Amino acid sequence: MTDTEGAQRAERFRRDIAAAKISTPAPGRERGWAVVGVVAMLAGIGVAIGAYVLSHSTTDPLQQRDALVVALIGVTLSVSGGALFLRYSLAGFLRFWLARFVFEQQAIVDRVRATPPE
């Protein structure tokens with residue numbers, strides 16, 4: 001394959017993507033949500049540690065049970081933040097991977113079409 005064929009295929013791929021009218025996500029928004037996920041993870045860890053300290057600093061069973069509820073909120077916040085971070089950090093990678101996969105599949109189809117039948 002020559003460079004001009006590759007450039008033509010890339011240009012055709014760009015035109016096909018533009019014709020599909022797929023909206024491109026705002027990269028700042030995705031990065032913002034990933035940062036929110038990291039902050040939620042760290043805040044959840046802090047809340048859970050604070051609840052641990054609170055539950056061990058008193059002998060009142062009612063206050064200890066309240067600390068358990070706060071600790072569960074911290075764990076929930078941390079897990080939710082982790083899921084949010086994972087979703088938005090992998091989105092860009094998977095989008096690139098899918099575009100590359102489609103491009104390579106189109107290259108294979110072009111090669112098969114160019115091969116004369118036996």
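## Surface and burial

In this predicted model, the accessible surface of the protein chain comes to about 9,300 Å². Carbon and sulfur atoms account for 67% of that area. Of the 118 residues, 17% count as buried.

## Fold and overall shape

The protein chain contains 3 helices and 0 strands, and reads α-α-α along the sequence. Its radius of gyration is 25 Å, whereas the globule rule gives 13 Å for 118 residues, so the chain is more spread out than a compact globule. Taken along the principal axes, the C-alpha atoms fill a box of roughly 85 × 30 × 20 Å.

Contacts between residues at least 6 apart in sequence were also examined by their separation. Of these, 78% join residues at least 24 apart.

## Salt bridges

A search of the whole structure finds 2 salt bridges. Side chains of opposite charge can pair when their charged atoms come close.

One salt bridge joins Arg95 to Glu30, with the closest N and O atoms 2.7 Å apart. Arg95 belongs to helix H3 and Glu30 to helix H2 (residues 27-56), so this pair ties together parts that are 65 residues apart in sequence. Glu30 has a relative accessible area of 14% and is therefore buried, the cut-off for burial being under 20%. Arg95, at 39% relative accessibility, counts as partly exposed.

The other salt bridge is formed by Glu104 and Arg100, whose closest N and O atoms are 3.3 Å apart. These two residues lie 4 residues apart in helix H3, so about one helical turn separates them. Both ends are partly exposed: Glu104 has a relative accessible area of 36%, and Arg100 has one of 47%.

## Nonpolar surface patch

A nonpolar patch of about 780 Å² is present on the surface. The residues that make it are Leu86, Leu90, Phe93, Leu94, Trp97, Leu98, Phe101 and Val102.

Val102 is one of these residues and is found in helix H3, which covers residues 61-114. Its relative accessibility is 41%, so Val102 counts as partly exposed. Helix H3 also holds Arg95, as well as the Glu104 and Arg100 pair.

Notes. Residues are numbered from 1 along each chain as its sequence is written. This is a predicted model: local features need pLDDT of at least 70, side-chain atom pairs count only at pLDDT 80 or more; totals for chains, interfaces and linings use all residues. Side-chain values use heavy atoms; hydrogens and water are left out. Patches are made of residues with over 30% relative accessible area and no salt bridge: like charges are joined within 9 Å, nonpolar side chains (Val, Leu, Ile, Met, Phe, Trp, Tyr) within 5 Å. Accessible areas come from the Shrake-Rupley method with a 1.4 Å probe; for residues, only the protein chains shown count as cover. A salt bridge is a side-chain nitrogen of Lys or Arg within 4 Å of a carboxyl oxygen of Asp or Glu. Buried means under 20% relative accessible area, exposed over 50%, partly exposed in between (1.4 Å probe, protein chains only). The radius of gyration is taken over C-alpha atoms; the globule rule is 2.2 Å times the number of residues to the power 0.38. Contact means heavy atoms within 4.5 Å.
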